[in-house]
Amino acid sequence: MAMANLARRKAYFLTRNVTTDALRFSFSLSRGFASSGSDENDVVVIGGGPGGYVAAIKAAQLGLKTTCIEKRGALGGTCLNVGCIPSKALLHSSHMYHEAKHAFAHHGIKLASVEVDLPAMLAQKDNAVKNLTRGIEGLFKKNKVTYVKGYGKFLSPNEVSVETIDGGNTVVKGKHIIVATGSDVKSLPGITIDEKKIVSSTGALSLSEVPKKLIVIGAGYIGLEMGSVWGRLGSEVTVVEFAADIVPSMDGEIRKQFQRSLEKQKMKFMLKTKVVSVDASGDGVKLTVEPAEGGDQTTLEADVVLVSAGRTPFTSGLDLEKIGVETDKGGRILVNERFLTNVTGVYAIGDVIPGPMLAHKAEEDGVACVEFIAGKHGHVDYDKVPGVVYTHPEVASVGKTEEQLKKDGVSYRVGKFPFMANSRAKAIDNAEGLVKILADKETDKILGVHIMSPNAGELIHEAVLAINYDASSEDIARVCHAHPTMSEALKEAAMATYDKPIHI
């Protein structure tokens with residue numbers, strides 16, 4: 001299943017003038033370790049985020065002596081500390097508040113008043129992060145992974161100098177060194193992030209008060225999620241996006257319904273709009289914007305501006321150039337299908353290499369990389385990595401969009417089923433959204449699945465499993481699904497793809 005994906009990565013790597021020795025080393029790993037002159041560690045991981053800490057644990061489980069270096073002094077990387085986990089905590093808390101204020105009465109639950117205790121909400125978020133970070137440290141101890149807190153940089157392909165957070169310095173040696181330093185916020189020209197009035201996603205997780213007006217620059221996953229948090233808590237949210245659509249990678253039909261849903265939640269959108277300048281010299285922030293194709297400029301005012309224009313690989317200070325590690329124009333480290341760079345013994349995974357910038361993709365990279373190092377066969381197929389937007393409703397997808405299939409000239413069938421026709425969704429009064437399945441017209445093999453619904457991020461994994469095993473829509477349709485459940489909508493959409501659904 002992974003051969004096409006591996007072939008693409010191998011071909012790309014070969015075009016980068018990789019030395020024959022490096023390639024020979026890469027493909028000889030399955031026969032055992034290549035000596036590097038170091039007997040300190042089998043594996044050294046630089047970075048303790050989802051890719052790095054998972055790689056370290058897996059390496060130790062495979063019997064390799066392993067050290068993980070993390071500059072933050074807290075494991076989990078951006079995802080756990082200032083990304084996935086705290087944002088989901090706030091998304092859940094803000095959703096509970098919004099439900100209590102707007103939906104409880106419809107269910108016969110009357111409250112005299114509902115108010116936001118923002119410090120308590122933020123404390124709950126911080127407590128969740130703290131407990132999970134400690135949990136990873138516990139896993140390191142359990143698996144005998146050595147944990148070094150500090151900023152690492154290469155001295156040689158087998159040595160990392162670490163400036164420890166307590167002010168010292170140490171050198172960590174390893175036969176195989178994995179770069180797993182993740183990504184950082186992508187800045188925009190002329191905009192200075194102060195994490196007070198002009199914030200990144202990090203600052204948006206810790207605002208001291210609910211802004212009356214919030215402008216989000218960028219209509220991607222992170223911008224829409226953080227916009228949802230503060231919108232539920234009372235902010236007037238406007239999203240400014242240069243492109244013609246929100247979340248451009250999303251299936252077009254799902255995207256349109258998703259935007260309508262967010263607009264019903266009073267989120268405003270200015271698409272095909274360019275930010276010309278940002279002025280934070282006054283009490284608030286003033287944005288000058290103009291149409292993307294040019295035209296008259298207008299001014300927007302806000303209390304807080306969230307810059308959410310994407311992320312960029314974080315490799316600053318690693319001294320990659322000192323040891324000759326090759327990167328592309330975007331700063332991503334180039335690797336082959338075994339995650340080996342052009343420098344023998346140096347690997348890279350996660351957000352610092354090409355592919356989806358997702359925590360779960362980084363985890364899969366980490367496991368596969370150390371499996372290759374240990375002489376086993378690793379496997380990651382980037383075409384089958386699910387994506388989720390954790391708003392309400394959620395949007396989740398895996399595989400191809402309808403636009404991609406049209407572009408590739410693939411003949412396909414479409415099956416859809418709305419949650420308005422799903423008994424569980426109707427019973428809990430949460431029936432917004434649909435399931436959309438795309439399958440090959442001749443073979444019925446599932447090519448893509450897109451879900452907009454409450455808990456879509458959980459529902460998508462039946463589709464992920466189906467796609468990984470090349471299942472057909474009829475395969476899903478003939479699996480007995482418990483009743484009443486939201487997952488029955490996936491079954492019905494599958495029935496609609498190869499035949500006809502029952503309940504619509």
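Which are the buried residues of helix 11? In this predicted model, they are Ala-359, Lys-361, Ala-362, Asp-365, Gly-366, Ala-368, Cys-369, Val-370, Glu-371, Phe-372 and Ile-373. Buried here means under 20% relative accessible area. Eleven of the 15 residues of helix 11 meet that condition, so the helix is largely enclosed by the rest of the structure.

Helix 11 covers residues 359-373. At 1.5 Å a residue, its 15 residues should span 21 Å, and the end C-alpha atoms are indeed 21 Å apart, which agrees. Just after the helix, Gly-375 has a positive phi of about 85°.

What do the buried residues of helix 11 pack against? Their partners include three helices, namely helix 3 (50-61), helix 4 (77-82) and helix 5 (84-102). Strand 1 (43-46), strand 6 (176-179) and strand 17 (346-348) are partners as well. Helix 11 lies across these strands, running at about 165° to strand 6.

Strands 1, 6 and 17 belong to an open sheet of seven strands, in the order 5-4-3-2-1-6-17, with mixed pairing. Strand 5 (169-173) and strand 17 are at the edges of this sheet; each has a single partner strand, so one side of each is left without a neighbour in the sheet. From one strand to the next, the twist averages 40°.

Strand 1 can be followed residue by residue. In a regular strand the side chains alternate between the two faces of the sheet. In strand 1, Val-43 and Val-45 point one way while Val-44 and Ile-46 point the other, and all are buried. On one side, strand 1 runs parallel to strand 6, and four bridges join the two. Across from Val-44 in strand 6 stands Ile-177, and across from Ile-46 stands Val-179. Strand 1 also pairs with strand 2 (residues 66-70), in the parallel sense and over four bridges. There the bridge partner of Val-44 is Thr-67.

The UniProt record, in an unreviewed entry, places the feature "domain: FAD/NAD(P)-binding" at residues 42-366. That span is 32% helix and 25% strand, and its end C-alpha atoms lie 15 Å apart.

Helix 5, one of the elements that helix 11 packs against, also meets helix 8 (residues 221-232). Two packed helices are described by the angle between their axes and the distance between the axes. For helix 5 and helix 8, the axes come within 9 Å and cross at roughly 35°. The crossing is left-handed. Among the contact residues are Leu-90, Leu-91 and Tyr-97 of helix 5 and Met-226, Val-229 and Arg-232 of helix 8.

A further sheet lies later in the chain. Its five strands form an open, antiparallel sheet in the order 18-19-22-21-20. Why is one side of strand 18 left without a neighbour in the sheet? Strand 18 (387-389) stands at an edge, as does strand 20 (412-418), and each has a single partner strand, so one side of each is left without a neighbour. The twist in this sheet averages 10° from one strand to the next. Strand 18 pairs with strand 19 (residues 394-399) in the antiparallel sense, over three bridges, and Gly-387 stands opposite Ser-397 in strand 19.

For residues 385-494, UniProt lists "domain: Pyridine nucleotide-disulphide oxidoreductase dimerisation", again from an unreviewed entry. This span is 34% helix and 28% strand, with its end C-alpha atoms 20 Å apart.

How values were computed
Residues numbered from 1 in each chain as written. Predicted model: local features only at pLDDT ≥ 70, side-chain atom pairs only at ≥ 80, totals over all residues. Heavy atoms only, no water. Pairing = 2+ DSSP bridges. Axes fitted to C-alpha atoms, helices over the stretch in contact; angles between N-to-C directions. UniProt positions renumbered as here; feature names shortened; annotations may be inferred. Expected span 1.5 Å × (residues − 1). Buried < 20%, exposed > 50% of the residue type's maximum accessible area, 1.4 Å probe, protein only. Contact = heavy atoms within 4.5 Å. Left-handed = near helix turned anticlockwise from the far one by under 90°.
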